[in-house]
Amino acid sequence: MTDFPRAPGKRWPSWIRPRLAFHGAPVGILMLDRMPGPGLRPYIPGDAGNATTWSVPVRYKTVPGLNNTCIFGADGEEKTSTVIAAAKELVREGARVITAGCGYFIRYQEAVRAAVDVPVFLSSLVLTPFLEQVLPQGKALGVIVASKAALSQDMLKAAGVRPEISDRVVVFGLDDAPVFAGFFLEPYGDLDVEAVQADVVNAILTLQKDRPDIGMLLLECGGLGPYAAAVQEATDLPVFDYTSMVEFFVGGLTRKPFTGLL
């Protein structure tokens with residue numbers, strides 16, 4: 001964090017870009033194109049798509065034509081150049097880091113990272129190797145994804161998940177969680193927050209019963225943040241998600257001097 005006003009003659013940081021429309025929003029977030037259809041499905045606090053989720057102002061950029069169906073499907077690769085263009089636009093507008101609102105943007109991680117000059121972390125899945133590394137021996141990491149069917153080995157590779165740690169990483173999809181799937185995978189109707197929360201918690205409790213060795217949980221979906229506290233309360237496990245990842249990097253951008261007693 002830079003203190004202002006600047007002293008006379010002192011140079012501005014190199015990341016300050018000239019002639020921006022506004023300053024002070026360092027996080028750029030790529031978003032899916034909303035699916036058509038009836039119903040009210042807002043991005044609620046805790047969701048990556050709600051600006052009040054974050055401790056600093058953020059910038060959003062929708063990727064035209066990239067919706068749920070596309071990003072989950074084989075034709076999602078055709079949108080790579082569009083995703084790169086959106087990321088570059090965020091950087092030109094002043095973003096100092098690039099993330100996304102959906103964990104399946106991981107399929108574009110390497111392409112976007114090669115195209116821009118700021119840190120890129122398009123999915124909370126990139127936390128997987130770190131969390132696995134710190135787990136006690138004999139414990140596994142439960143990775144909760146929106147759709148296991150749509151998650152490929154190439155996506156896991158892009159997130160840094162090495163084959164040798166696969167036995168300590170348990171991927172669990174919410175494909176068969178009926179309420180969650182109805183609102184997030186094939187969206188229809190108005191969002192029922194309490195019903196989605198109960199559905200997600202019950203699904204994860206089932207996983208925990210089947211795999212009592214799970215010692216930590218990682219939520220992939222950018223829409224699962226609002227339910228993280230309920231999941232933690234129900235499972236009594238550490239729970240990490242998109243906010244864990246983004247706020248880690250925000251902390252690196254906004255360091256303040258320590259004060260205290262000697």
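Q: Buried means under 20% relative accessible area, exposed means over 50%, and partly exposed covers what lies in between (1.4 Å probe, protein chains only); by that rule, what makes strand β6 (residues 214-219) largely enclosed by the rest of the structure?
A: Six of the six residues of β6 are buried, so the strand is largely enclosed by the rest of the structure. This is a predicted model, in which local features need pLDDT of at least 70 and side-chain atom pairs count only at pLDDT 80 or more, while totals for chains, interfaces and linings use all residues. Residues are numbered from 1 along each chain as its sequence is written, and side-chain values use heavy atoms, with hydrogens and water left out.

Q: How do you know that Ser-123 counts as buried, and where does it lie?
A: Its relative accessibility is 0%, so Ser-123 falls on the buried side of the cut-off. Ser-123 lies in the loop between α3 (109-115) and α4 (128-134). Leaving aside neighbours within four places in sequence, Ser-123 is in contact (heavy atoms within 4.5 Å) with Gly-103, Ile-106, Tyr-242 and Met-245.

Q: Why is Val-112 called buried?
A: Val-112 has a relative accessible area of 1%, and therefore it meets the definition of buried. This residue has its place in helix α3, and, apart from neighbours within four places in sequence, its contacts are Val-83, Ile-84, Ala-87, Val-120 and Leu-122. The C-alpha atoms of Val-112 and Val-58 are separated by 19 Å, the two residues being 54 residues apart along the chain.

Q: What makes β4 (residues 140-145) and β6 a pair of strands?
A: Strands (E, at least two residues) and helices (H or I, at least four) are DSSP runs numbered from the N terminus, and two strands pair if DSSP finds at least two bridges between them. Between β4 and β6 there are five bridges in the parallel sense, so the criterion is met. Within this pair, Ala-140 stands opposite Ile-214 in β6.

Q: How do you know that β6 and β7 (residues 239-240) pair?
A: They are joined in the parallel sense over two bridges, and they count as a pair because the rule asks for at least two. Leu-217 stands opposite Val-239 in β7, and Leu-218 stands opposite Phe-240. The open sheet to which these strands belong has four strands in the order β5-β4-β6-β7, with parallel pairing. Its edge strands are β5 (169-173) and β7, each of which pairs on one side only.

Q: What makes β2 (58-62) and β3 (97-100) edge strands of their sheet?
A: Three strands form an open sheet in the order β2-β1-β3, with parallel pairing. Each of β2 and β3 has a single partner strand, so one side of each is left without a neighbour in the sheet. From one strand to the next the twist averages 25 degrees. Strand β1 (residues 27-31) pairs with β3 in the parallel sense over four bridges, and the bridge partner of Leu-30 in β3 is Ala-100.

Q: How do you know that helix α2 (residues 80-92) packs on this sheet, and at what angle to β1 does it run?
A: Helix α2 touches β1, β2 and β3, and its direction makes about 155 degrees with that of β1. Such angles run from 0 to 180 degrees between N-to-C directions, the axes being lines fitted to C-alpha atoms, for helices over the stretch in contact. Helix α9 (residues 242-253) lies across β1 and β3, and runs at about 170 degrees to β3.

Q: What describes the packing of helix α7 (residues 193-210) and helix α8 (residues 228-235)?
A: Two packed helices are described by the angle between their axes and the distance between the axes. For α7 and α8 the angle is about 40 degrees, and the axes are 10 Å apart. The contact is made by Gln-197, Val-200, Val-201, Ile-204, Leu-205 and Gln-208 of α7 and by Ala-230, Val-231, Ala-234 and Thr-235 of α8.

Q: How do you know that the size of the chain agrees with that of a compact globule?
A: The globule rule is 2.2 Å times the number of residues to the power 0.38, with the radius of gyration taken over C-alpha atoms. For 262 residues a compact globule would have a radius near 18 Å, and the chain has 19 Å, which agrees. Buried residues make up 50% of the 262 residues.
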